[in-house]
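Here's a short set of exercises to work through with the model open beside you. Try each task before reading its solution.

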Amino acid sequence: MIDLITNNAFGTLISRFLVNAISMILLMFVIYYPRYRNKELVTSAALFNIFIFSVLTVLSKAEFGVAGGFGLFAILALFTLRSEQISKIEITYFFGSVSIAVICAVQGTTLPLVVAIATLVLIGTFIIDHPKILHSVSSLNLTLDKIESCVLADPSTMIHNLSQLLGVEVMSYHVISLDYINDMVKINVYYRKH
């Protein structure tokens with residue numbers, strides 16, 4: 001009887017780990033990496049996924065509550081993400097990798113539900129971040145040493161002038177500050193390369 005329970009628990013653990021690993025591989029290696037090519041983030045998110053899965057699996061067997069698991073998840077995620085600046089997309093994918101580990105490791109959910117949620121996460125990510133759905137736009141902060149009269153009065157002319165100046169297709173801009181004393185303007189420019 002004990003062998004049957006142990007084998008069943010081990011089989012469930014292996015099944016959950018496989019769902020976790022396959023989902024993480026699809027998220028980071030199939031969806032993220034071909035689009036953004038950040039090997040460092042892929043490696044850290046993949047390893048973090050495995051570590052979080054392991055810790056939460058052990059803690060859930062020790063009657064550690066879901067709230068405690070999410071608290072641990074938040075602390076670990078913030079600790080890792082604070083070490084250097086990363087983009088919003090990178091934070092989102094990192095969070096996705098860790099979320100998959102949490103989804104797969106938390107006990108009390110059935111394996112079919114875990115598979116369904118992981119599948120929906122992957123499908124949603126693939127569609128929402130697909131290059132054909134939302135075209136990639138980059139941004140930069142720019143300081144101009146002259147305030148052009150069109151900066152506030154005529155945005156289309158300003159966009160044209162910025163496009164000529166930068167050699168890219170400026171989509172829009174946002175004025176951060178105007179300094180009339182030094183005749184300077186700080187703007188955030190959103191652009192696409194031609």
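Helices (H or I, at least four residues) and strands (E, at least two) are DSSP runs, numbered from the N terminus. This is a predicted model, in which local features need pLDDT of at least 70, side-chain atom pairs count only at pLDDT 80 or more, and totals for chains, interfaces and linings use all residues. Residues are numbered from 1 along each chain as its sequence is written, and side-chain values use heavy atoms, with hydrogens and water left out.

**Exercise 1. Sketch the fold of the chain.**

Step 1: count the elements, and you get seven helices and three strands.
Step 2: put them in order from the N terminus, which gives α-α-α-α-α-β-α-α-β-β.
Step 3: check the burial, where buried means under 20% relative accessible area, exposed over 50%, and partly exposed in between (1.4 Å probe, protein chains only). Of the 194 residues in the chain, 30% are buried.
Step 4: look at contacts (heavy atoms within 4.5 Å). Take those between residues at least 6 apart in sequence: 63% of them join residues at least 24 apart.

**Exercise 2. Describe the two largest pockets.**

Step 1: set the terms. On a 1 Å grid over the protein atoms alone, a pocket is an open set of points where a 1.4 Å probe fits, with protein on both sides within 12 Å along at least five of seven lines; lining residues have an atom within 4 Å of a point. Grid points are joined across faces, edges and corners, and a volume is the space filled by probe spheres set on the points.
Step 2: the largest pocket comes out at about 290 Å³. Its lining includes Arg35, Tyr36, Ile89, Asp129 and His130.
Step 3: sort that lining by class (Ala, Val, Leu, Ile, Met, Phe, Trp, Tyr, Cys and Pro are nonpolar; Asp, Glu, Lys and Arg charged; the others, Gly among them, polar). The largest pocket has six nonpolar, three polar and two charged lining residues.
Step 4: move to the second largest pocket, with a volume of about 220 Å³. Tyr32, Tyr36, Asn38, Ser87, Lys88, Ile89 and Glu90 line this one. Helix 1 (2-36) and helix 4 (88-105) each give two or more of those residues, and helix 4 gives the most, with three.

**Exercise 3. Place Ser163 and find its partners.**

Step 1: Ser163 sits in helix 7 (residues 155-166).
Step 2: Ser163 counts as buried because its relative accessibility is 17%.
Step 3: leave out neighbours within four places in sequence, and Ser163 is in contact with Val168, Glu169 and Val170.
Step 4: zoom in on the side chain of Ser163, which reaches the backbone nitrogen of Val170 at 3.1 Å.

**Exercise 4. Look for disulfides.**

Step 1: the criterion is a pair of cysteine sulfur atoms within 2.5 Å.
Step 2: searching the whole structure turns up zero disulfides.
Step 3: check two cysteines anyway. Cys104 is buried at 0% relative accessible area, and Cys150 is buried at 9%.

**Exercise 5. Compare two residues with positive phi.**

Step 1: Arg37 isn't a glycine, yet its phi is positive, about 55 degrees. Asp183, also a residue other than glycine, has a positive phi near 55 degrees.
Step 2: Arg37 belongs to the loop between helix 1 and helix 2 (39-61). Asp183 is in the loop between strand 2 (169-179) and strand 3 (184-192).
Step 3: Arg37 is exposed, at 56% relative accessible area, whereas Asp183 is partly exposed, at 30%.

Note on methods: A polar contact is a pair of N or O atoms within 3.5 Å; within protein, one must be able to donate a hydrogen and the other to accept it, and residues adjacent in sequence count only if both atoms are side-chain atoms.
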